[in-house]
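Visitor: I would like a close look at one part of this model. Please start with a single helix and work outward from there.

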Amino acid sequence: MAQSSTARRVKSLYNPPSFIFKQAFSLAYHAWLTGWRGFPAWMFKGKKVLATAAGATAIGCTGYPYHVVWEVTTRCNLNCIHCYAGSVESAKTELSTAEGRRLLEQIAAIDKVRMIVITGGEPLIRKDIFELVEHAGKLGFRIVFSTNGTLLTPGMAKDLVRLGVVNFSISLDGSSPERHESIRRRSGCFQGALDGLKAAATTGICVQVNFTAMKQNLSELPGVIDLAESLHADIVMVFQSIPPQGSSEKLELDPEEQMNLIKTIAEKQKKSHALIMPVCAPEYWPWLVEQRRFSFSRNIQNKALSGCGAGKGFCYIRFDGEVWPCNFIPLSAGNVREKPFADIWNNSPLLKKFRVESRRLKGTCGECHYQSICGGCRGRAFAHSSDPLEADPACLLQTQNVL
């Protein structure tokens with residue numbers, strides 16, 4: 001199928017050049033806050049790592065704004081204890097190839113977006129995934145390909161890079177087969193993930209390791225970071241499990257465990273060769289600021305750090321076209337089968353609630369002077385209150401008396 005003659009191409013990584021300076025500035029500020037000794041060498045990698053953050057304006061939760069995450073399927077060959085995906089029925093309702101191509105063209109119409117994350121489920125289960133990636137690449141997107149790694153071969157990895165992938169994002173939830181497979185619930189998947197990481201590394205592009213922290217594996221984080229280092233990963237993203245409302249699963253970290261998490265990240269970052277980023281923990285940034293006796297002006301902080309990006313810096317498009325502010329906030333801002341994505345992104349009343357100029361956070365988050373660089377985890381607020389603008393109930397700044 002030919003690309004629409006009216007499809008708008010995504011702007012380049014360097015357009016405008018200020019994007020590169022904003023990325024470098026925010027990363028330098030992060031390095032200063034954490035005492036990251038490996039920052040100069042990491043930046044020396046240049047486009048290999050910066051392409052992952054194409055279009056960035058600051059550093060924050062979920063990485064950099066602005067970008068879109070598209071869950072192309074919920075079908076998966078694993079059965080992870082913390083994942084809401086894995087539906088064998090999703091193929092009946094997931095966006096078709098034609099709908100997917102049209103969606104990519106609509107996302108390309110958003111001026112600020114340079115990067116898109118392709119995720120699942122397991123994206124490699126879709127038979128048309130290479131066609132969709134190729135179309136995204138031709139539109140100019142920098143593509144982050146999020147996979148469990150078990151199906152990724154060196155040949156597939158090279159083909160995906162040729163089509164436009166700039167980052168392979170692969171999950172490790174333990175540093176040993178026993179721990180990883182107790183989370184992923186499939187024998188042999190630990191070695192499969194390692195093989196996938198090695199296949200990704202052969203391409204020479206950015207390799208990212210994702211870790212989802214929960215009660216069952218929090219103690220594994222230092223070992224996973226060390227393992228990622230040994231595999232020459234460029235980025236380690238530390239997510240948290242936020243069970244949906246009504247879930248009986250005891251996975252979510254308590255405040256004391258979250259404090260242990262961010263302290264581990266900060267300590268490991270000092271000597272790491274990789275950039276280590278927390279997700280679902282925007283209080284990491286004000287916590288870092290509080291550790292420094294001198295942390296520059298509030299204006300500098302606001303330019304470098306962006307806090308929770310839900311609905312304002314990124315959004316999550318589900319397999320069936322529903323647009324959510326975040327994968328942890330299952331509220332529909334609209335469906336791309338019913339209206340163009342640009343209309344949803346620009347005009348959705350739900351998404352507008354999350355935007356800086358109109359956001360009205362409640363409780364302690366609304367009163368906090370670090371709102372602009374943190375804002376609390378909106379996904380956790382929703383999980384505990386059904387209101388994504390409520391206070392983050394596990395905010396470390398309050399529960400651990402940081403302020």
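Visitor: How many residues apart are Tyr29 and Trp32 in helix α1, and what does that separation come to in helical turns?

Guide: Keep in mind that this is a predicted model. Helix α1 covers residues 18–34. Tyr29 and Trp32 are three residues apart in it, so about one helical turn separates them. Their ring centres lie 6.2 Å apart. The ring planes meet at 20 degrees. Planes under 30 degrees apart count as stacked, so this pair is stacked. The structure holds eight aromatic pairs.

The two partners differ in exposure. Tyr29 has 4% relative accessibility, so it counts as buried. Trp32 has 28%, so it counts as partly exposed. The cut-off for buried is under 20%, which is why the two fall into separate classes.

Trp32 has another contact. Arg292 lies over the face of Trp32. The distance from the ring centre is 4.2 Å.

Helix α11 spans residues 284–291. Six of its eight residues are buried, so the rest of the structure largely encloses this helix. The buried ones are Tyr284, Trp285, Pro286, Trp287, Leu288 and Val289.

Further aromatic residues group together. Trp36, Phe39 and Trp42 make up one aromatic cluster.

Now set the α1 pair beside one in helix α13. Phe341 and Trp345 also form a stacked aromatic pair. Their centres are 6.3 Å apart, with 25 degrees between the planes. Both residues lie in α13, which runs over residues 341–347. They are four residues apart, about one turn of the helix. Here Phe341 and Trp345 are both buried. Trp345 has an arginine over its face as well: Arg355, at 4.5 Å from the ring centre.

Next, the cysteines. A search of the whole structure finds zero disulfides. Two cysteines show the spacing. For Cys308, the closest cysteine sulfur is in Cys61, at 5.4 Å. That is too far for a bond, because a disulfide needs sulfur atoms within 2.5 Å. Cys308 is buried, with a relative accessible area of 6%. For Cys315, the closest cysteine sulfur is in Cys326, at 10 Å, so this one is too far for a bond as well. Cys315 has 0% relative accessibility, so it counts as buried.

Ile317 is in strand β10, residues 314–317. Ile317 also has 0% relative accessibility and so counts as buried. Phe328 is eleven residues from Ile317 along the chain. The C-alpha atoms of these two are separated by 12 Å.

Cysteines come up again at the cavities. The structure holds two cavities of 30 Å³ or more. The largest contains about 80 Å³ of space. Its lining includes Cys365, Cys368, Cys374 and Cys395. Thr364, Tyr370, Gln371, Gly375, Gly376, Leu397 and Gln398 complete that lining. Two elements, α15 (363–367) and α17 (396–399), each give two or more residues to it. By class, the lining residues are six nonpolar, five polar and no charged.

The second largest cavity holds about 40 Å³. Ten residues line it. Those nearest its centre are Cys61, Thr62, Tyr64, Pro65 and Gly309. Cys61 is the residue whose sulfur is closest to that of Cys308. Four of the lining residues are nonpolar, six are polar and none is charged.

Last, the backbone. Three loop sites deserve a check on your screen. The peptide bond from Gly120 to Gly121 is cis, with omega near 25 degrees. Gly121 sits in the loop between β3 (115–119) and α5 (129–138).

Arg185 is not a glycine, yet its phi is positive, at about 55 degrees. The loop between α7 (177–184) and α8 (189–201) contains Arg185. At 43% relative accessibility, Arg185 counts as partly exposed.

Ser386 is not a glycine either, and its phi is positive at about 70 degrees. Ser386 lies in the loop between α16 (378–385) and α17. Helix α17 is one of the elements named for the lining of the largest cavity. Ser386 has 46% relative accessibility, so it counts as partly exposed.

Conventions. Residues are numbered from 1 along each chain as its sequence is written. This is a predicted model: local features need pLDDT of at least 70, side-chain atom pairs count only at pLDDT 80 or more; totals for chains, interfaces and linings use all residues. Side-chain values use heavy atoms; hydrogens and water are left out. On a 1 Å grid over the protein atoms alone, a cavity is a set of points where a 1.4 Å probe fits but cannot get out, and a pocket is an open set with protein on both sides within 12 Å along at least five of seven lines; lining residues have an atom within 4 Å of a point. Grid points are joined across faces, edges and corners, and a volume is the space filled by probe spheres set on the points. Ala, Val, Leu, Ile, Met, Phe, Trp, Tyr, Cys and Pro count as nonpolar, Asp, Glu, Lys and Arg as charged, and the others, Gly among them, as polar. Buried means under 20% relative accessible area, exposed over 50%, partly exposed in between (1.4 Å probe, protein chains only). Rings of Phe, Tyr and Trp (its six-membered ring) pair if their centres lie within 6.5 Å; planes under 30 degrees apart count as stacked, over 60 as edge-to-face and the rest as tilted. A charge sits over a ring if NZ of Lys or CZ of Arg is within 6 Å of the ring centre and within 35 degrees of the ring normal.
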